[in-house]
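Welcome! Here are some exercises to work through with the model open beside you. Try each task before you read its solution.

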Amino acid sequence: MSINPNELTSNNVYDAVAHDYCIDIDPNWTQYLKFRLLERFAKPSDICLDIGIANGLTSIALAPKVAHVQGVDISTELLKICQERIERDGIRNVTPHYQSATDLQFLDNTFDLVFSFSTLLLVPQPEKAYQELARVLKPGGIAVLDITGRRNLSQRYWRRYYQQHGHFGVNAYDLNDILATFGGLGLQTVETHPSGLLDQWKYLPLLWRMRFLEKLTHGTRHTPDLDYRISRLFPKWANRWYFVLRKTAV
């Protein structure tokens, strides 16, 4: 397997913060939304792929609902933590691998469900990663992905952050452009869920200190919050979109 030199740099960034990753699904609405989407579309017979498995956060939570989850990551430290959690909890249907999102070591049309969160924005060759996930997804299979929006202050902040740590930055898109990219790969958009429009206060001078705004904009996992409702009104300005995509039959 070939690893892009930029991904090796990324590996160091992720290894450094590996032990700070959360181990439970976040209880606020927009963070829990991605897991709700997996719950809705996953079937007990599904063979799944988690691109960016990290410490196993999502895969371990999904494991009881599917047949098997294969997970890939380039952070050796995160993969170590993931394997330790799997062994500690006696989980038999989650398998982590050291692999690049741009060079998946799986056959064509292998997976019923592919998902990737907080990963594709950091891949140096994102178009190659999209091609790879489309390749390994079965015709009629479902992909659940998050993609970062370009017209939002958060991507500017995180671009600078990663560049300061030796990374290329982040991938960010206009909504119409990423939809066209998916369509060109035979991935039909089933649902689009924007979020993070109101979170831009976190990246403005002085306002970032006003932590009470977090409670005003975000609610519990059971109720669509203010940020989600406003983001749906202005989806092009969202921080990120959760896409549900279906691979068209060939």
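Helices, here, are DSSP runs of H or I with at least four residues, numbered from the N terminus. With that in hand, R135 and E132 can be placed: both lie in helix α5, three residues apart, or about one turn of the helix. Please keep in mind that this is a predicted model.

**Exercise 1. Getting an overview**

Task: Find how many helices and strands the protein has, and what share of its residues count as buried.

Solution:
- Start with the secondary structure: the protein has nine helices and seven strands.
- Next, look at burial, where the cut-off is under 20% relative accessible area. Of the 250 residues, 52% count as buried.
- Then turn to the surface. The protein exposes about 11900 Å², and carbon and sulfur atoms supply 53% of that area.
- Finally, consider contacts with a separation of 6 or more: residues 24 or more positions apart account for 79% of them.

**Exercise 2. Following the parallel strands**

Task: Trace the chain through β1, β2 and β3, and work out in which sense the strands pair.

Solution:
- Begin with β1 (residues 47-51), which pairs with β2 in the parallel sense over five bridges. Within this pairing, D50 has G71 of β2 as its bridge partner.
- Helix α3 (residues 57-62) joins with β1 and β2 in a right-handed β-α-β unit.
- Move on to β3 (residues 94-98): β2 and β3 also pair in the parallel sense, over five bridges. Here V69 stands opposite V94 in β3.
- To get from β2 to β3, the chain passes through helix α4 (residues 76-89), and this β-α-β crossover is right-handed.

**Exercise 3. Looking at both faces of β2**

Task: Decide which residues of β2 point one way, which point the other way, and whether they are buried or exposed.

Solution:
- Recall a general point: in a regular strand the side chains alternate between the two faces of the sheet.
- Sort the residues: H68, Q70 and V72 point one way from β2, whereas V69, G71 and D73 point the other way.
- Check burial: six of the six residues of β2 (residues 68-73) are buried, so the strand is largely enclosed by the rest of the structure.

**Exercise 4. Two unusual backbone angles**

Task: Locate A54 and S118, and compare their surroundings.

Solution:
- As background, most residues other than glycine have a negative phi.
- A54 has a phi near 55 degrees, a positive value in a residue other than glycine. A54 sits in the loop between β1 and α3.
- S118 likewise has a positive phi, near 55 degrees, and its place is in the loop between β4 and α5.
- Now bring in accessibility: A54 is buried at 11% relative accessible area, whereas S118 is partly exposed at 37%.

**Exercise 5. Helix α5 and its salt bridges**

Task: Describe what α5 packs against, then find which residues are linked with R135 in a network of salt bridges.

Solution:
- In α5 (residues 126-136), the buried residues are P126, A129, Y130, E132, L133, A134 and V136.
- These buried residues pack against β1, β4 (111-116), β5 (137-148), α7 (175-184), β6 (187-195) and β7 (240-247).
- Look at R135, whose side chain meets that of D108 in a salt bridge with 2.8 Å from N to O. R135 lies in α5 and D108 in the loop between β3 and β4, so the pair ties together parts that are 27 residues apart in sequence.
- R135 also forms a salt bridge with E132, the closest N and O atoms being 2.8 Å apart.
- Put these together: D108, E132 and R135 are linked in a network of salt bridges.
- Compare accessibility: E132 is buried at 7%, while R135 is partly exposed at 22% and D108 is partly exposed at 47%.

**Exercise 6. Cysteines**

Task: Determine how many disulfides the structure holds, and whether C48 and C82 are buried or exposed.

Solution:
- A disulfide is a covalent bond between the sulfur atoms of two cysteines.
- The structure holds zero disulfides.
- C48 is buried, with a relative accessible area of 0%, and C82 counts as buried at 0% too.

Technical notes: Residues numbered from 1 in each chain as written. Predicted model: local features only at pLDDT ≥ 70, side-chain atom pairs only at ≥ 80, totals over all residues. Heavy atoms only, no water. Disulfide = S-S within 2.5 Å. Buried < 20%, exposed > 50% of the residue type's maximum accessible area, 1.4 Å probe, protein only. Helix = DSSP H or I, 4+ residues; strand = E, 2+ residues; numbered from the N terminus. Pairing = 2+ DSSP bridges. Right-handed = clockwise from strand over helix to strand, strands pointing away. Contact = heavy atoms within 4.5 Å. Areas by Shrake-Rupley, 256 points an atom, 1.4 Å probe, with all protein chains shown as cover. Salt bridge = Lys/Arg side-chain N within 4 Å of Asp/Glu carboxyl O.
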